[in-house]
Amino acid sequence: TRHQEEAAETKSQLIADAQEQTAELQALQSHTLEQANMWNAERSALQQQIQSNEQQLKDQQFEFDHLQANYKELQEQHTRHQEEAAETKSQLIADAQEQTAELQAL
């Protein structure tokens, strides 16, 4: 009887403790799941940002390569124009000298 009461109290206490621990575990599991979902969302957002940054970098590299090719072409054109101008100057000097000689011969 006294032993039965003590056993009943112990059983009730064990049940209460188990229920409390179960509730704590469920709360912890819920929190863990929420945290995992939040981390997954953050990871997904970061992955999208990385992909966006990588695409932007590719686009900028393409644009840079294009500008660099244009700059090289302009440099080559400038060099050709300088060479042509030097040839024209030399030809004009030669023509002027020839005309001067012809005028002096007159």
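With 106 residues, a compact globule would have a radius of gyration near 13 Å, yet this chain comes in at 45 Å. Please keep in mind that the model you are looking at is predicted. Its secondary structure is quickly told: there is one helix, and the number of strands is zero. Here is a short tour, from the overall form down to single side chains.

**Overall form**
- The C-alpha trace of the chain spans about 155 × 15 × 10 Å along its principal axes.
- Helix α1 takes in residues 2-105.
- For a feel of the distances along the chain, take His-66 and Leu-46: they are 20 residues apart in the sequence, and 30 Å separates their C-alpha atoms.

**Surface and burial**
- How much of the chain counts as buried? The share is 0% of the 106 residues, where buried means a relative accessible area under 20%.
- About 10000 Å² of the chain is exposed, and 54% of that area is supplied by carbon and sulfur atoms.
- His-66, a residue of helix α1, has a relative accessible area of 41%. His-66 is therefore partly exposed, since that class lies between the 20% limit for buried and the 50% limit for exposed.

**Charges**
- Negative side chains number 20 in the chain and positive ones 7.
- The centres of these two sets of charges are 7 Å apart.

**Salt bridges**
- How many salt bridges does the chain have? The count comes to two.
- One of them joins the side chains of Arg-2 and Glu-6, with an N to O distance of 3.6 Å, which falls within the 4 Å cut-off for a salt bridge.
- Arg-2 and Glu-6 are four residues apart in helix α1, so about one helical turn separates them.
- Is this pair's Arg-2 buried or exposed? Arg-2 counts as exposed because its relative accessibility is 58%, and anything over 50% falls in that class.
- Its partner Glu-6 is partly exposed, at a relative accessible area of 38%.
- A salt bridge also links Glu-73 and Arg-80, whose closest N and O atoms are 3.7 Å apart.
- Glu-73 has a relative accessible area of 35%, so this residue is partly exposed.
- Arg-80 counts as partly exposed too, with a relative accessibility of 38%.

Key
Residues are numbered from 1 along each chain as its sequence is written. This is a predicted model: local features need pLDDT of at least 70, side-chain atom pairs count only at pLDDT 80 or more; totals for chains, interfaces and linings use all residues. Side-chain values use heavy atoms; hydrogens and water are left out. Helices (H or I, at least four residues) and strands (E, at least two) are DSSP runs, numbered from the N terminus. The radius of gyration is taken over C-alpha atoms; the globule rule is 2.2 Å times the number of residues to the power 0.38. Buried means under 20% relative accessible area, exposed over 50%, partly exposed in between (1.4 Å probe, protein chains only). Accessible areas come from the Shrake-Rupley method with a 1.4 Å probe; for residues, only the protein chains shown count as cover. Lys and Arg count as positive and Asp and Glu as negative; His and the chain ends are not counted. The place of a charge is taken as NZ of Lys, CZ of Arg, CG of Asp or CD of Glu.
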